[in-house]
Structures are given as C-alpha cells and as structure tokens.
Amino acid sequence: MRYTGPKVRLSRRAGVPLTKKAVRYFEDRPYPPGEHGRKTSRRNTGDYGLRLMEKQKLRWYYDVSEKQMRRYWEAAQRKPGRSGAELVVLLESRLASLVLRAGFAPSIYAARQYITHGHITVDGRKVDIPSYLVKPGQVIGVRPRSRGRQPFVAAAEGVHADEVSAPYLAVDHGELRFTLLSRPEREQVRIPVDERLVVEHYSR
C-alpha cells in the first residue's frame, strides 16, 4: 500500500528531505520521528537495513506502493541496461513524476492528485492515471478548463519550477505545457537514492 500519513515523517525516517516542503522541517528535526527518535543512530543500521531503507526512499520519493515497485523492478530486469538505472528511468517516466519535474506541482503527491482529478492531458487527451508511462515526443498539458485554478496559476508563474530544468523536458510554463524530448538517462535524474543498494536488496 502507498503511505498516506504525514509526508515529512517519511523524510525524517529516510534521513533526507524527500520533498521541497520537507527541507525546512528536516533542518529543524534531522532525526527519525517518534519519542525515541533523538536517540536513534542511523550508523548502527545493518547491511539489510541500509538496503531496505534505500528501497523505501525510492518508493517514497516517487510515491509508489510496494506492489508497484516490485512490478517496476521486474520490468527493469528485462531491459538490456543496468537494472538499477533502468528502474529509476521507469519511475522517472511516470506521468506524475514528469508533472512534478516540469514544475507543474509542488510535490509528487500534488502531481498525483492533479492527474487523478482529470486536470492533465497527454497529446490533448485527458489521462487520469499517475503511473502512465510517457513516451518521448508526447506533449503534456493542463486542461483549458483547469488553467484558472490557483495551483495552475502559480505553476504558470514558475513558482514550483526548479532552478535547473530537466534536460529531457522542454517546458513552457506560461502555456502550461511540456514535451518529453527524450528518454531520461540515469545521470540526468537528481534523486537522493543509491539505486545500487536497491538492486542488492531485490537480488538478495
């Protein structure tokens, strides 16, 4: 199942801020949540715990369930490249991930909500499936009837955009539209996860 509780707690459990909002909270409380959080030492975590946490961080970062994660892992193994890199590329190619990366949403959770509520189109057609895998050349936009809503007015002003845009995206914030130029490469995806440990976790 997907985690639906307080999102900042996930960052504190993971040991890194997983969302922009979590950065400030994590700086104030950089230790795990709970009454014993201050006394918990991440350094004492064993090899299995380290690999498990890295897998969890990847799951939480892209907001996918364990069942979905396992499915992506199996698909990545069938690819000719490195399984860990292919796993990240698959996750990054999800519609929800790209809506976030393009700066159309403040978090992966908001991106997911915008999609499921029918505000996002792919090649002019409404798509309400966050896990939809976008192909190079496809154009993602916000439905005309949704553009006047406050979240998208903010997105059009570039409020949620990163300082450096992803090189595999051509984004037009003013028009609330972006195109996936090419398949994301692992080296282009900036995430606080070491996928090699994820591979070791699933390969054990």
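## Ser 93 and the α5–α6 loop

With a relative accessibility of 9%, Ser 93 counts as buried, a term that means under 20% relative accessible area, with exposed being over 50% and partly exposed in between (1.4 Å probe, protein chains only). Ser 93 sits in the loop between α5 and α6. Leaving aside neighbours within four places in sequence, Ser 93 is in contact with Leu 98, Tyr 132, Leu 133, Val 134 and Pro 184; contact here means heavy atoms within 4.5 Å. One of these partners, Tyr 132, is 39 residues away in sequence, with a C-alpha to C-alpha distance of 8.2 Å.

A word on the basis of these values: this is a predicted model, in which local features need pLDDT of at least 70 and side-chain atom pairs count only at pLDDT 80 or more, while totals for chains, interfaces and linings use all residues. Residues are numbered from 1 along each chain as its sequence is written, and side-chain values use heavy atoms, with hydrogens and water left out.

## The chain as a whole

Let us step back to the overall layout. The protein chain has nine helices and five strands; helices (H or I, at least four residues) and strands (E, at least two) are DSSP runs, numbered from the N terminus. Along the sequence, their pattern reads α-α-α-α-α-α-α-β-β-β-α-β-β-α.

Of the 204 residues in the protein chain, 45% are buried. Among its contacts between residues at least 6 apart in sequence, 57% join residues at least 24 apart.

## The nonpolar core

The largest nonpolar core has 45 residues, and those with the most contacts inside it are Leu 58, Tyr 62, Leu 87, Leu 95 and Val 99. Such a core is a set of buried Ala, Val, Leu, Ile, Met, Phe, Trp, Tyr and Cys residues joined through side-chain atoms within 4.5 Å. Helix α7 (residues 108-116) gives the largest share of this core, six residues. The core also draws at least three residues from each of domain 1 (7-90 + 190-203) and domain 2 (95-186), with domain bounds that come from an automatic or database domain assignment. In soluble globular proteins, nonpolar side chains tend to be buried together.

Leu 95 is a good residue to follow on screen. Not counting residues up to four places away in sequence, Leu 95 touches Ile 115, Ile 120, Val 122, Val 127, Ile 129, Pro 130, Tyr 132, Val 134 and Ile 140.

## Tyr 61, Tyr 62 and Ser 97

A search of the whole structure finds four aromatic pairs. For Tyr 61 and Tyr 62, the ring centres are 5.0 Å apart and the planes stand at 75 degrees, so this pair is edge-to-face. Rings of Phe, Tyr and Trp (its six-membered ring) pair if their centres lie within 6.5 Å, and planes under 30 degrees apart count as stacked, over 60 as edge-to-face and the rest as tilted. Both tyrosines are buried: Tyr 61 has a relative accessible area of 13%, and Tyr 62 has 2%.

Tyr 62 also meets Ser 97, a residue of helix α6 (residues 95-101). Beyond residues up to four places away in sequence, Ser 97 touches Tyr 62, Leu 91, Glu 92 and Ile 108. Ser 97 is buried too, at 3% relative accessibility.

## Helix α9 and its cover

Helix α9 (residues 195-203) has Glu 195, Val 198, His 201 and Tyr 202 as its buried residues. They lie on the same side of α9, because they cover an arc of only 105 degrees around the axis; the arc is that of the directions from the helix axis to the C-beta atoms. Their cover includes α3 (47-62), α4 (66-77) and α5 (83-92). At the N-terminal end of α9, Asp 194 acts as a cap, with a side-chain oxygen 3.1 Å from the backbone nitrogen of Arg 196.

Gln 56 belongs to helix α3 and is buried, with a relative accessible area of 15%. The C-alpha atoms of Gln 56 and Val 198 are 8.7 Å apart, although 142 residues separate them along the chain. The side chain of Gln 56 also makes a polar contact of 3.0 Å with the side chain of Lys 55. A polar contact is a pair of N or O atoms within 3.5 Å; within protein, one must be able to donate a hydrogen and the other to accept it, and residues adjacent in sequence count only if both atoms are side-chain atoms.

## Two positive phi angles

Asp 63 is not a glycine, yet has a positive phi of about 55 degrees. Asp 63 is placed in the loop between α3 and α4 and is buried at 4% relative accessibility.

Leu 176, likewise not a glycine, has a positive phi of about 50 degrees. This leucine lies in the loop between β4 (169-172) and β5 (177-180), and its relative accessible area of 3% makes Leu 176 buried.
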